[in-house]
Amino acid sequence: MKNLGSLILGLIIGALLMYFYMNNLDGSHISNPIIKPRGVITPNQAIVLDSTYNSRHTLISDSIVKRPDNRSSWWSLDEVTNYIDYAKNQSDSLGYNMSGLRIYLGAYPTVKNQVGYTTMFMVPTGELQMVEGSKGFTASANNDIEGANPLNMGTAGNPPNSNYPH
């Protein structure tokens, strides 16, 4: 009976050690520091930016679109992450080093006398990869990557003219 108790205790300790050893193999025990990106603002600063835009939005809605126009676009975290991976791959195949994303305002075309909503789309930015041994001028690392596919089709605000915070 004494040997059975020692055997069970040994199995439990061994299982626990194996569990902790296997969970540390994936690097999860190493924490990456969270770095606050340049340009992060407070919610109050965002409210100021949003409310300052109101007069422009009203002008667009009342004078051009003739209905409440879209103020925001939303993409899921998976869509953004997948797009970044896709854009990096496409940029590399086009001979660019991707350095970031640029977000543009756009508008859908008028259909049946109904002016299209404002939209936002993002494009990858970067610089041409240098060929070994080449010399010469290189473009800025934040130019749009020509030939790369932008991401659109985010979900519009509901209602479209909703202010921040939505």
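The expected span of a helix is 1.5 Å times one less than its number of residues; helices (H or I, at least four residues) and strands (E, at least two) are DSSP runs, numbered from the N terminus. The model is predicted: local features need pLDDT of at least 70, side-chain atom pairs count only at pLDDT 80 or more, and totals for chains, interfaces and linings use all residues. Residues are numbered from 1 along each chain as its sequence is written, and side-chain values use heavy atoms, with hydrogens and water left out.

**Exercise 1.** Determine how the span of helix α2 (residues 43–65) compares with that of a straight helix.

*Solution.*
1. For 23 residues, a straight helix would span 33 Å at 1.5 Å a residue.
2. Between its end C-alpha atoms, α2 spans only 29 Å.
3. A kink of about 40 degrees is centred on Asn54 in α2, the bend at a residue being the angle between axes fitted to the seven residues ending there and the seven starting there.
4. After α2 comes Lys66, with a positive phi near 65 degrees.

**Exercise 2.** Identify the residues of the largest nonpolar core and the contacts of Leu151.

*Solution.*
1. A nonpolar core joins buried (under 20% relative accessible area, 1.4 Å probe, protein chains only) Ala, Val, Leu, Ile, Met, Phe, Trp, Tyr and Cys residues through side-chain atoms within 4.5 Å.
2. The largest one has six residues: Trp75, Tyr83, Ala87, Met120, Met122 and Leu151.
3. Two or more of these residues come from each of α3 (77–93) and β3 (118–128).
4. Leaving aside residues up to four places away in sequence, Leu151 contacts (heavy atoms within 4.5 Å) Trp75, Glu79, Tyr83, Met120, Phe121 and Met122.

Notes: Buried < 20%, exposed > 50% of the residue type's maximum accessible area, 1.4 Å probe, protein only.
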